[in-house]
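Subject: Handover of a structure, with notes

Dear colleague,

I am passing on the structure we spoke about, and it is shown just below. My notes follow it, and I would be glad if you read them with the structure open.

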Amino acid sequence: MDNHSNQSNQNQEMPKQESPQAGNEQNPYWQQPSAGQSGFSQVDPLDKSQFRHSKLGITAFILSILSIAAIVITFVIGASIIVDIASDSELMTELEYYMNNPEIAQDAAFIESKIGGSIMAIMGSFILVIVALVMSFVGVILGIIGLSSKNKKKVFSMLGVIFNGLVLLGTAGLFVFGLIMGAAAI
């Protein structure tokens, strides 16, 4: 009996081990794994509480694709205008004559009639470039906001910032290149 009372005293003297649930009452996401499960949670791809793509990031990416398409359309329009003007030998002869003799402006109506349709295409492509630049600028801002949002995937935000930034930098680079080439021609 003495032996038995000794064991009960030892059990009382040993510090109690906390149960696995102790300390986890404060964590609302903690669960005791059931039999046959590991302690790791399974990711449910249909669970709406998982991280989702940022809507601002998706918008920035879509704006980048639209602005790139607008710039490509502008280049196609510009190339077609150049081919139209360069293929008209009568117009080229007339333009060379006026460039060599600027004081003579008798047949300005002839040149205007030849280039008149091209002027509308040039104005339309200029407006398209302005719209593309505004879309790219807005896309960069939305992408940056999407990158700073918490608990969202940032893939589309990053792509939107990169593509919109490339459109802005590329257009600015072409503008500066045109200014330099224009200044060198004078």
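Is Phe163 buried, partly exposed or exposed? This is a predicted model, and in it Phe163 has a relative accessibility of 27% and therefore counts as partly exposed, since the buried class ends under 20% and the exposed class begins over 50%.

Before I return to that residue, here is the overall layout. The protein has five helices and two strands, and their order along the sequence is α-β-α-α-α-β-α. Of the 186 residues in the protein, 19% are buried. When contacts between residues at least 6 apart in sequence are considered, 68% of them join residues at least 24 apart. The protein exposes about 14,400 Å², and carbon and sulfur atoms supply 66% of that area.

Helix H5, which covers residues 155-185, has 31 residues, and the distance from its first C-alpha to its last is 45 Å, close to the 45 Å expected at 1.5 Å a residue. The buried residues of H5 are Ser157, Gly160, Val161, Asn164, Gly165, Val167 and Thr171. I looked at one of them, Ser157, in more detail: its relative accessibility is 0%, so it counts as buried. Leaving aside residues up to four places away in sequence, Ser157 touches Ser54, Gly57, Gly143, Gly146 and Leu147.

The aromatic residues of H5 bring us back to the opening question. The structure holds two aromatic pairs. In one of these, the rings of Phe61 and Phe156 have their centres 5.3 Å apart and their planes at 55°, and the pair is therefore tilted. This pair links distant parts of the chain, as Phe61 belongs to helix H2 (residues 55-87) and Phe156 to helix H5, 95 residues apart. Phe156 is itself partly exposed, with a relative accessible area of 25%. In the other pair, the ring centres of Phe61 and Phe163 are 6.1 Å apart and the planes meet at 40°, so this pair is tilted as well. Because Phe61 lies in helix H2 and Phe163 in helix H5, the pair ties together parts that are 102 residues apart in sequence. Taken together, Phe61, Phe156 and Phe163 form one aromatic cluster.

On the surface, a nonpolar patch of about 880 Å² is made by Leu56, Phe126, Ile127, Ile130, Val131, Val134, Phe137, Val138, Ile141 and Ile145. Helix H4 (residues 108-148) gives the largest share of this patch, with nine residues. Ile145, for instance, has its place in helix H4, and with a relative accessible area of 42% this residue is partly exposed.

One backbone detail also deserves a look when you go through the model. Asn151 is found in the loop between H4 and strand S2 (152-153), and its phi is near 60°, a positive value in a residue other than glycine. With a relative accessible area of 55%, Asn151 is exposed.

If you want a place to begin, I would suggest the aromatic cluster of Phe61, Phe156 and Phe163, followed by the nonpolar patch, to which helix H4 gives the largest share.

With best regards

Definitions and conventions
Residues numbered from 1 in each chain as written. Predicted model: local features only at pLDDT ≥ 70, side-chain atom pairs only at ≥ 80, totals over all residues. Heavy atoms only, no water. Helix = DSSP H or I, 4+ residues; strand = E, 2+ residues; numbered from the N terminus. Expected span 1.5 Å × (residues − 1). Buried < 20%, exposed > 50% of the residue type's maximum accessible area, 1.4 Å probe, protein only. Contact = heavy atoms within 4.5 Å. Areas by Shrake-Rupley, 256 points an atom, 1.4 Å probe, with all protein chains shown as cover. Patch = residues over 30% accessible without salt bridge, like charges linked within 9 Å, V, L, I, M, F, W, Y side chains within 5 Å. Salt bridge = Lys/Arg side-chain N within 4 Å of Asp/Glu carboxyl O. Phe/Tyr/Trp six-rings, centres within 6.5 Å; stacked < 30°, edge-to-face > 60°.
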